[in-house]
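This briefing summarises selected structural features for a reader who has the sequence and the coordinates at hand. The points are grouped by topic.

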Amino acid sequence: MRGKGWRWFRAAWPAFVALALTIAIWFAIPLPYIVYEPGPTADTAPMVAAEATAAANEASEASDAAGDGGDASEGAFLLTTVRWAYANVFAYVLSHFDPDAELLDKALVTRGASRTDYVQRQRLQMRSSHGDALEAVYRELGVPYEVKTEQIVVFSVLEGLSADGVLRPGDRLLSIDGRPIEREEDVRSALEGKSAGEDVRVTYRRGGDREPEREASLTLRSLPGSDPPRPGMGIAYGLLQTVESVDPAYRAEIQAGSIGGPSAGLMFALELYDRFTDFDYTRGYRVAGTGEISPDGKVGTIGGVAHKVAGAHRSGADVFFVPPGNAEAAKAKAAALGTAMDVVVVSTLREALDYLSSLPPKEMRTGAR
């Protein structure tokens with residue numbers, strides 16, 4: 001038996017080796033691509049905690065007890081997401097047969113950042129969008145508010161420049177050459193008059209306020225694409241702010257969990273506006289959408305819109321809001337899907353609100369729920 005088994009093994013081992021190599025090639029070898037696919041939608045309501053919500057719930061309960069139904073939202077506001085993953089050979093081949101998959105150059109998407117740094121950058125952008133959404137809503141409602149500077153943070157690090165391998169997305173800039181950094185212009189002022197090849201001393205903090213300060217010496221280099229050549233550390237930085245209404249009844253906090261990026265700004269603004277008023281702006285519909293929001297209420301272009309349209313369609317959304325810059329791609333994807341979902345182009349928060357307020361309640365259009 002032993003001799004027979006040995007002969008079988010000697011005959012079969014090349015096949016096992018070939019199988020192992022095939023598995024390694026298909027699944028273990030990374031390619032310089034990222035695969036984008038439709039991600040899930042998420043109801044914004046559980047992500048927003050607002051002072052007005054408790055009062056609205058009390059009013060709704062009292063109204064229900066009186067028998068008039070109350071003003072609680074019957075539908076939902078849905079933010080849309082894109083699922084992404086680094087491509088291996090298997091995913092690369094499979095994407096060519098999936099109409100909802102898209103291959104993108106990894107270097108263009110991550111700009112040389114590691115997976116961890118890329119995810120952190122996306123979360124910082126999401127966090128920044130929370131303040132923009134609140135500010136846009138407060139302006140629309142005429143609610144007095146205060147903008148408090150929280151910190152100047154690194155959003156991304158350019159590969160190959162002096163900050164690469166030293167600073168990370170999320171690091172808080174405290175000072176440059178001993179000059180405190182409290183505003184975005186403080187960074188520019190600290191580097192003004194300096195030349196490529198000069199060293200600057202950067203003090204920063206990574207993590208919470210209890211973490212110790214760190215210090216690094218960085219050699220300035222000419223930033224790629226700058227004309228005339230401009231020296232820099234090789235970082236993109238931004239201001240994270242706390243936006244808070246003067247009236248406690250209009251204060252809110254957004255917790256988006258692991259979802260990143262700035263493109264949910266419009267949907268959070270709609271959720272907040274709905275919370276702060278006694279009108280149901282969902283009108284009983286499942287309202288999905290995408291778009292950055294600026295403090296003045298303008299809706300900006302985003303990425304991955306075709307995947308977000310597909311995700312909204314899969315979740316049974318009735319309406320999909322899209323910025324003007326993404327309208328053509330969104331409508332083309334909706335047509336390809338044959339969806340009954342209405343794709344509505346909006347350039348401002350006010351346009352989205354006006355469209356929703358013009359809709360008849362869903363039960364009036366489709367019958368009893």
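The notes below cover the sheet, the nonpolar cores, the helices, the salt bridges and the backbone. The model is predicted. An open sheet of six strands with mixed pairing is present, and the largest nonpolar core has 40 residues. A search of the whole structure finds 17 salt bridges.

**The six-stranded sheet**

- The strand order in the open sheet is β4-β1-β3-β14-β17-β18, and the pairing is mixed.
- The edges are formed by β4 and β18 (342-345), each of which pairs on one side only.
- From one strand to the next, the twist averages 35°.
- Strands β1 (residues 30-43) and β4 run antiparallel and are joined by four bridges.
- Across from isoleucine 34 stands leucine 104 in β4.
- Helix α9 (residues 327-337) packs on the sheet, where it touches β17 (319-322) and β18. The direction of α9 makes about 175° with that of β18.

**Nonpolar cores**

- In soluble globular proteins, nonpolar side chains tend to be buried together.
- Within the largest nonpolar core, of 40 residues, those with the most contacts are Leu266, Phe268, Leu270, Leu272, Phe321 and Leu349.
- At least two residues of this core come from each of β2 (48-50), β3 (76-88), α5, β13 (252-254), α7, β17 and α10.
- Helix α7 gives the most to this core, with seven residues.
- Apart from its neighbours within four places in sequence, leucine 266 is in contact with Thr290, Gly291, Ile293, Val299, Phe321, Val346, Leu349 and Ala352.
- A second, separate core has 19 residues, among them Leu167, Leu173, Val187 and Val202.

**Burial of helices α7 and α10**

- Helix α7 is mostly covered, with 11 of its 11 residues buried.
- The buried residues of α7 include the charged positions Glu271, Asp274 and Arg275, as well as Gly265, Met267, Ala269 and Tyr273.
- In helix α10 (residues 349-358), the buried residues are Leu349, Ala352, Leu353 and Leu356. These residues lie on the same side of α10 because they cover an arc of only 95° around the axis.
- An α-helix has 3.6 residues a turn, so residues three or four places apart point the same way.

**Salt bridges**

- Side chains of opposite charge can pair when their charged atoms come close.
- Arginine 314 and aspartate 100 form a salt bridge in which the closest N and O atoms are 2.8 Å apart. Arginine 314 belongs to helix α8 (residues 305-314) and aspartate 100 to the loop between α3 (89-95) and β4 (102-105), so this pair ties together parts that are 214 residues apart in sequence.
- The two partners differ in burial class: arginine 314 is exposed, at 55% relative accessibility, whereas aspartate 100 is buried, at 12%.
- Arginine 139 forms a salt bridge with glutamate 135, with 3.3 Å between the closest N and O atoms. Both residues lie in helix α5 (residues 115-141), four residues apart, which is about one turn of the helix.
- In this pair, arginine 139 is partly exposed, with a relative accessible area of 44%, while glutamate 135 is buried, with 8%.
- A salt bridge also links the side chains of arginine 205 and glutamate 213, at 3.8 Å from N to O. Here arginine 205 is buried, at 13% relative accessibility, and glutamate 213 is exposed, with a relative accessible area of 52%.
- Asp100, Arg314 and Lys333 are joined into one network by salt bridges that share partners.

**Positive phi values**

- Most residues other than glycine have a negative phi, and most peptide bonds are trans.
- Aspartate 177, a residue other than glycine, has a positive phi near 50°. Aspartate 177 is placed in the loop between β6 (172-176) and β7 (179-180) and is partly exposed, at 28% relative accessibility.
- Arginine 283 likewise has a positive phi, near 55°. Arginine 283 is located in the loop between α7 (265-275) and β14 (286-289) and is buried, with a relative accessible area of 16%.

Technical notes: Residues are numbered from 1 along each chain as its sequence is written. This is a predicted model: local features need pLDDT of at least 70, side-chain atom pairs count only at pLDDT 80 or more; totals for chains, interfaces and linings use all residues. Side-chain values use heavy atoms; hydrogens and water are left out. A salt bridge is a side-chain nitrogen of Lys or Arg within 4 Å of a carboxyl oxygen of Asp or Glu. Buried means under 20% relative accessible area, exposed over 50%, partly exposed in between (1.4 Å probe, protein chains only). Two strands pair if DSSP finds at least two bridges between them. Axes are lines fitted to C-alpha atoms, for helices over the stretch in contact, and angles run from 0 to 180 degrees between N-to-C directions. Contact means heavy atoms within 4.5 Å. The arc is that of the directions from the helix axis to the C-beta atoms. A nonpolar core is a set of buried Ala, Val, Leu, Ile, Met, Phe, Trp, Tyr and Cys residues joined through side-chain atoms within 4.5 Å.
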